[in-house]
Amino acid sequence: MVRLPERMRPLFPYLKPAYSVATLGVAPLATRLSGLRGGYLPRRTVSSMEDAAAHNGRVYQVRPARVIERPLPEEPKPSHPLIAENVRETVPRVALLELDGGRVLGPEAAVITADGALVDELSRYFGTGRARQHPLFWHPFPPPPTHVPGRLGVLASRGDRNYYHFLCDVLPRLAIVEECPEIEVPDRWYVPQAFRFQRELLDLAGIRED
C-alpha cells in the first residue's frame with residue numbers, strides 16, 4: 001500500500017533505504033525513552049521462532065522446508081538472469097509459535113515475547129533487513145497492552161489492510177492451525193477488522209465478529 005504523495009512516489013527507491021537507516025539509529029533511543037513510560041517497546045530482538053520459544057514457549061513444525069526446481073523455458077531467452085535466478089527456490093518451513101504471556105504491538109502486528117523480545121521472523125517489515133528497522137521504533141510511547149484471558153491466536157500481520165495481503169498472509173494462517181493437531185484451537189482471535197471485506201471474509205471462514 002503506497003502512502004507517499006503521488007509527486008514523491010518516484011523517490012521511493014531512495015527514501016525507503018534512508019528511512020530504514022534512520023529507524024536503525026532511532027531504535028536505541030526510542031527503547032530508552034519507552035522505559036520512562038511503561039517500557040512497552042521491545043527491549044531486544046530474537047531472529048527465529050525457536051529463539052523466542054527458548055524460555056517461555058513452544059514451536060510446532062507443520063511442514064519442513066523444501067526446494068522447488070523449475071525447468072528453463074525454451075523461449076524467450078532462457079538465459080535471461082531473472083529466469084535463471086528463479087529456476088531453483090527454497091520454500092522455508094512452516095511452523096507455529098506458542099508463547100506464554102506474549103503480546104502483539106502496533107498496526108503491523110509485531111510479535112513480542114513475555115520478556116520483551118521482538119520476534120524478527122514473525123515481525124519483519126517490508127523492505128527492511130534487520131529487526132531494529134521496524135517502524136514501531138518511531139513510537140516510543142505505545143498504549144499499555146490489553147490483557148486477553150485464555151488462548152489468543154494472531155491472524156493479523158503486516159500489510160493486512162491491503163486486500164491481497166489479507167488473502168495471502170492472513171487467511172492462510174487458519175489452514176496452518178488446522179494442519180497442526182498438536183496445538184489447541186485459540187479461544188479468541190486477534191484479527192484486522194477495520195474494513196468490510198475483512199469482516200466478511202473472516203465470517204465466511206467461521207470467525208464471527210464477537
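Here is a walk through this structure, from the whole chain down to single side chains.

Keep in mind that this is a predicted model, so local features are described only where pLDDT is at least 70 and side-chain atom pairs only at pLDDT 80 or more, while totals for chains, interfaces and linings use all residues. Residues are numbered from 1 along each chain as its sequence is written, and side-chain values use heavy atoms, with hydrogens and water left out.

Let's begin with the overall picture. The chain has seven helices and 10 strands; here helices are DSSP runs of H or I with at least four residues, strands are runs of E with at least two, and both are numbered from the N terminus. Measured out along the principal axes, the C-alpha atoms fill a box of roughly 60 × 45 × 40 Å. Of the 210 residues in the chain, 32% are buried. Buried means under 20% relative accessible area, exposed means over 50%, and partly exposed is in between, using a 1.4 Å probe and protein chains only. If you take the contacts with a separation of 6 or more, 69% of them are between residues 24 or more positions apart, where contact means heavy atoms within 4.5 Å.

Now zoom in on a pair of helices. Two packed helices are described by the angle between their axes and the distance between the axes. Helix 5 (residues 163–170) packs on helix 7 (residues 196–204) at about 30°, and their axes are 10 Å apart. The axes are lines fitted to C-alpha atoms, for helices over the stretch in contact, and the angles run from 0 to 180 degrees between N-to-C directions. Helix 5 and helix 7 are therefore roughly parallel, a label for angles under 35 degrees. On one side of the contact you'll find Tyr163, Phe166 and Leu167 of helix 5, and on the other Phe197, Gln198, Leu201 and Leu202 of helix 7.

Next come the charged side chains. Side chains of opposite charge can pair when their charged atoms come close. The structure holds 12 salt bridges, each being a side-chain nitrogen of Lys or Arg within 4 Å of a carboxyl oxygen of Asp or Glu. In one of them, glutamate 98 pairs with arginine 58, with the closest N and O atoms 2.5 Å apart. Glutamate 98 sits in strand 5 (residues 94–99) and arginine 58 in strand 2 (residues 57–63), so this pair links parts of the chain 40 residues apart. Glutamate 98 is buried, at 11% relative accessible area, whereas arginine 58 is partly exposed, at 32%.

Glutamate 98 has another partner: arginine 151, at 2.7 Å between the closest N and O atoms. Arginine 151 is in the loop between helix 4 (120–123) and strand 9 (152–154), so this salt bridge ties together parts 53 residues apart in sequence. Arginine 151 is partly exposed, with 25% relative accessibility. Add Asp100, and you have a network of salt bridges linking Arg58, Glu98, Asp100 and Arg151.

Finally, have a look at alanine 109, in the loop between strand 6 (103–105) and strand 7 (110–112). Its phi is near 55°, a positive value in a residue other than glycine. Alanine 109 is buried, with a relative accessible area of 4%.

Note on methods:
Angles under 35 degrees count as roughly parallel, over 145 as roughly antiparallel, 65 to 115 as roughly perpendicular and the rest as oblique.
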